[in-house]
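Please look over the sequence and the model below before reading on, and keep both at hand while you follow the report.

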Amino acid sequence: MPDCPKCHQPVDSQALECPYCRTVLKAYGHPGMKLYRAMDGEPLCTTCAYHEDDTCNFPKRPYAMDCTLYRDRDQGIASPTAGYTPRVRLRVWFSHNLVWMVLIGLLLFSLFITLAS
Ligand code: SF4
Ligand SMILES: [Zn+2]
């Protein structure tokens, strides 16, 4: 049974939050999606493999204090979403590309207004 990263009490591996200190342990309310948290005051990015190889485009980088995609650089990179269902992968993709989706939406809306007038 894993420990809560904040209060270090044993918690069920499927628990969405710690029953003792209420720290959120899973992202998007999905038990299969672990939410990594920085516990020493240093952003997770400082030890993340995706920051080191400059492949992360997550908006919180380089100051992420919590992240679903964190990979310890000492353990290497191995398919971060390997255990996720397609629905969860789509959620992750959408959350990481939300800025582009909004910009494309605004561009299409502007184009529509221009053509309509
Ligand atoms: S995946 Fe998360 S922890 Fe890693 S660099 Fe990107 S934002 Fe930081
Ligand atoms: Zn706890």
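The report moves from the chain as a whole to the ligand and then to a few backbone details.

## The chain as a whole

This is a predicted model, and every value in the text below was computed from it. The chain holds three helices and two strands, and if you follow these elements from the N terminus onward, their order is β-α-β-α-α.

How does the radius of gyration of the chain stand beside that of a compact globule of 117 residues? Such a globule would have a radius of gyration near 13 Å, whereas the chain has 18 Å. The C-alpha trace, taken along its principal axes, spans about 60 × 30 × 25 Å. Of the 117 residues in the chain, 14% count as buried. When contacts with a separation of 6 or more are considered, 30% of them are accounted for by residues 24 or more positions apart.

## Around the ligand

Which residues are the closest to ligand 1? The ligand is surrounded by 13 residues, and the closest of these are Cys45, Cys48, His51, Cys56 and Cys67. Sorted by class, the shell around ligand 1 consists of ten nonpolar residues, one polar residue and two charged residues.

## Backbone details

Some places in the backbone are worth a separate look, and a general expectation helps in reading them. Most residues other than glycine have a negative phi, and most peptide bonds are trans.

Against that background, the peptide bond that joins Arg61 and Pro62 is cis, with an omega of about 5°. Pro62 itself is placed in the loop between α1, which covers 49–52, and β2, which covers 66–67.

Two residues that are not glycine have a positive phi, and the table sets their values side by side.

| Residue | Phi | C-beta neighbours within 10 Å |
|---|---|---|
| His8 | about 65° | 12 |
| Asp54 | about 60° | 8 |

Where along the chain is His8 found? His8 lies in the segment before β1, the strand that covers 36–37, while Asp54 lies in the loop between α1 and β2.

Are these two residues buried or exposed? A residue counts as exposed if 12 or fewer other C-beta atoms lie within 10 Å of its own. His8 therefore counts as exposed, because 12 C-beta neighbours lie inside 10 Å. Asp54 is likewise exposed, because 8 other C-beta atoms are within 10 Å.

Definitions and conventions:
Residues are numbered from 1 along each chain as its sequence is written. Chains are lettered from A and ligands numbered from 1 in the order in which they are written. This is a predicted model: local features need pLDDT of at least 70, side-chain atom pairs count only at pLDDT 80 or more; totals for chains, interfaces and linings use all residues. Helices (H or I, at least four residues) and strands (E, at least two) are DSSP runs, numbered from the N terminus. The radius of gyration is taken over C-alpha atoms; the globule rule is 2.2 Å times the number of residues to the power 0.38. A residue is buried if 20 or more other C-beta atoms lie within 10 Å of its own, exposed if 12 or fewer, and partly exposed in between; C-beta atoms are placed from the backbone. Two residues are in contact if their C-beta atoms, placed from the backbone, lie within 7 Å. A residue is near a molecule or strand if its C-beta atom, placed from the backbone, lies within 6 Å of it. Ala, Val, Leu, Ile, Met, Phe, Trp, Tyr, Cys and Pro count as nonpolar, Asp, Glu, Lys and Arg as charged, and the others, Gly among them, as polar.
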